[in-house]
Structures are given as C-alpha cells and as structure tokens.
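Q: I am new to this structure and would like to learn how to read one of its helices. Where should we start?

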Amino acid sequence: MANKKPRDPEQKFNWTLCQEEVLFRTLIEQLEAGKRADNGFKAEAWAAVVEAVQKEVQPPLIVQPRHYKNKFGWYKGMYKEWLLLKEQSGFGWDPETDRLTAAEYV
C-alpha cells in the first residue's frame with residue numbers, strides 16, 4: 001500500500017456565498033477598469049480579488065491565487081455547459097422561473 005501524504009491545509013478552500021459574491025463583484029470592477037486582456041485577467045486584477053476576498057475570510061486563512069482562478073474557471077465552465085445545453089433541441093429557458101426547461105422526450 002502506498003503511503004499517502006498528509007493533505008496540505010492550503011490546498012482545500014471552501015467558498016461561502018459571500019466570498020463568491022465578492023470574487024465576482026471584484027472581477028466585474030476589474031473588467032470595467034480595463035484590467036482584463038484577451039487571454040484573461042491581468043495579475044493586478046487577481047491581486048485586487050485576493051485582497052477583497054481575503055477581507056471576507058474568517059478566521060484568516062492562506063488563500064492562494066490558484067483558489068480564485070479555479071473558482072472562476074469552474075463557473076466559466078458551468079456557464080459554457082449551460083449555454084450549450086440551452087441551445088440543444090428540446091431545451092428552453094423559462095424567464096418566469098429562471099430555469100432551463102426540457103421537453104418530455106429529452
């Protein structure tokens with residue numbers, strides 16, 4: 001049996017809804033300030049995100065930049081899947097419930 005290394009406490013970060021809100025609000029502010037290039041957000045934008053979210057983390061933890069980028073990437077992937085699903089035959093969007101709909105045959 002292979003020995004497992006103990007998990008680094010810095011590797012796991014559980015996001016709260018408030019922290020996610022601060023993450024995306026700060027990214028929007030950075031976008032509006034021109035801190036995004038074609039290939040993604042600039043380092044200074046991520047530094048602003050780190051500072052803003054870190055204020056919300058209680059008790060204070062070491063939150064690595066990769067945590068922010070991973071969370072953003074996860075939501076970006078989910079959004080792409082949602083767009084793809086929404087465009088498929090048999091799927092639609094109900095504006096009253098803000099939910100995807102699917103025909104019975106799907």
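A: Start with the residues of α1 that are buried, a term for under 20% relative accessible area with a 1.4 Å probe and protein chains only: Q19, E20, V22, L23, T26, L27 and Q30. Seen down the axis of α1, these buried residues fall within an arc of 160°, so they line one face of the helix. The arc is taken from the directions from the helix axis to the C-beta atoms. This is a predicted model, in which local features need pLDDT of at least 70 and side-chain atom pairs count only at pLDDT 80 or more, while totals for chains, interfaces and linings use all residues. Residues are numbered from 1 along each chain as its sequence is written, and side-chain values use heavy atoms, leaving out hydrogens and water.

Q: Why can residues that are three or four places apart point the same way?

A: An α-helix has 3.6 residues a turn, so residues at that spacing point the same way. On the other side of α1, L17, E21 and E32 are exposed, meaning over 50% relative accessible area, with partly exposed in between the two cut-offs.

Q: What is the span of helix α1, and what should it be?

A: The expected span is 1.5 Å times one less than the number of residues. Helix α1 has 16 residues, 17–32, so it should span 22 Å, and its end C-alpha atoms are 22 Å apart, which agrees. Helices here are DSSP runs of H or I with at least four residues, strands are runs of E with at least two, and both are numbered from the N terminus. Just after α1, G34 takes a positive phi of about 80°.

Q: Which elements do the buried residues of α1 pack against?

A: They pack against β1 (36–37), β2 (40–41), α2 (43–54) and α3 (65–87). Contact means heavy atoms within 4.5 Å. In the pairing with α2, Q19, V22, L23, T26, L27 and Q30 of α1 meet E44, A45, W46, A48, V49, A52 and V53.

Q: How are two packed helices described?

A: By the angle between their axes and the distance between the axes. The axes of α1 and α2 come within 9 Å and cross at roughly 150°. Such axes are lines fitted to C-alpha atoms over the stretch in contact, with angles from 0 to 180 degrees between N-to-C directions.

Q: How many helices and strands are in the chain?

A: There are three helices and four strands, in the pattern α-β-β-α-α-β-β along the sequence. Of the 106 residues of the chain, 22% count as buried.
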